[in-house]
Amino acid sequence: MTVAEEITEITEKLVEFKTVKDNEQEFERAFQYIEDYLSGTGLDINRYEFDGTRSMVISTDEDPDIMFHGHVDVVPADEELFEPRIEDGKIYGRGTSDMKAGLAALMKLVKDKSSEGLSIGLMIVTDEETGGFQGAKKLSDKFSPDFFISAEPNNTEGYMEIITEQKGVIKADISAEGKNAHAARPWNGENAAEKLWERFEQVRDNFSTRKEDWGTTVNMGTFTAEGATNVVPDEAEAGLDIRWTEEYPPEEIRKDFEAVEGLNLTVNSEEPMLKTETGNSFVQLLKDASEEVIDEGVSFVRKEPASDARHFSRKGVPGVVFGPEGYEVHEDGEYAVISSFGDYYRALEKFLEKV
């Protein structure tokens, strides 16, 4: 069996587990499968649980120098998407790309390298899709590797790439207050919904709206107002998802919102960017190893979505996002490209030879 065939086989099995939020039975089945696959390797396998959220770290020693990362949780999907299928060199199904193919490759890698005297670990979490706060974030307090690699998918056609930057995340609520009145006599009240929208527009132009810009963006994902439609609302609230960069950082965002009279800002969480220098020695070794495998140049890139790598970045641990080729993440047509599995594995193998 080739490397790609074995990774494909592991991926198929992982996809069959319906590891969506709160499905603890399926998370247990997935973890048991992983433990069984790695049995007899001599690797340390330790489970953790924080606030009811489970995770696992498989390692050659207590605090490994190189920490690989994968997550088994996936976003909800119809039942048939948990039945993987292979067609035209692609494996389809929920989680094939995000990120069970990457995890499968890492499982094979640590198994194959378990007896070579390397200081490596594989962190497997179950809450990446919901922010990683009880998984990677908690584990970043327990482990201090020299370098961190998350196997989130590579989404660029035809070549590998190494993601060294991802945007930070702010989750916030904004609200405004008004005065109730009968809807037939709106002049007797003050519409909090209209007031909230008008004040939001005063800061909205500070955010980027163009794909070409590496700018801070804002998405108003929810909007609620108190009362029935025949009542002028006296309270309104909206939920914001802000993806920030150094061009418009959190302290400036707060200042601008707080400067708008009648607009209240509540920040629920503020997460850092992933920002690793491309000149970092580990990053350069990974680039060299990847270029040797595919015999062409490998690019450093930055991408908008966040990942668990940010939790280690917060601790000053350099890291990258680097995975096999996969597309249509969170969509019904999600798939991973089987031909990339062997190259991905060999790139990591060569990287470990160089460190």
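These are my notebook entries on the strands and nonpolar cores of a predicted model.

Entry 1, a small sheet. I looked up which strands make up an open sheet and found four, in the order 4-5-19-18, with antiparallel pairing. I then asked why one side of strand 4 and of strand 18 has no neighbour in the sheet. Strand 4 (85-87) and strand 18 (326-327) are at the edges and have a single partner strand each, so one side of each stays free of a neighbour there. I noted as background that strands of a sheet pair through backbone hydrogen bonds.

Entry 2, strand 18. I checked its pairing with strand 19 (residues 335-337) and found two bridges in the antiparallel sense. Opposite Gly326 I found Ala336 of strand 19.

Entry 3, strand 9. I traced strand 9 (residues 168-177) and found that it pairs with strand 13 (residues 235-244) over ten bridges, antiparallel. Ala176 has Ala236 in strand 13 as its bridge partner. Strand 9 also pairs with strand 14 (residues 264-271), over seven bridges and again antiparallel. There, Val169 is opposite Glu271.

Entry 4, the cores. I looked up the largest nonpolar core and counted 53 residues in it. Ile34, Phe68 and Phe322 have the most contacts inside this core. Helix 3 (residues 96-112) contributes the most to it, nine residues. Which residues does Ile34 touch, leaving out those up to four places away in sequence? I listed Leu14, Met56, Ile58, Val72, Met107 and Ile124. A second core is separate and has 22 residues, including Ile174, Ala176, Leu240 and Ile253. I had already met Ala176 as the bridge partner of Ala236.

How values were computed: Residues numbered from 1 in each chain as written. Predicted model: local features only at pLDDT ≥ 70, side-chain atom pairs only at ≥ 80, totals over all residues. Heavy atoms only, no water. Pairing = 2+ DSSP bridges. Core = buried A, V, L, I, M, F, W, Y, C linked by side-chain atoms within 4.5 Å. Buried < 20%, exposed > 50% of the residue type's maximum accessible area, 1.4 Å probe, protein only. Contact = heavy atoms within 4.5 Å.
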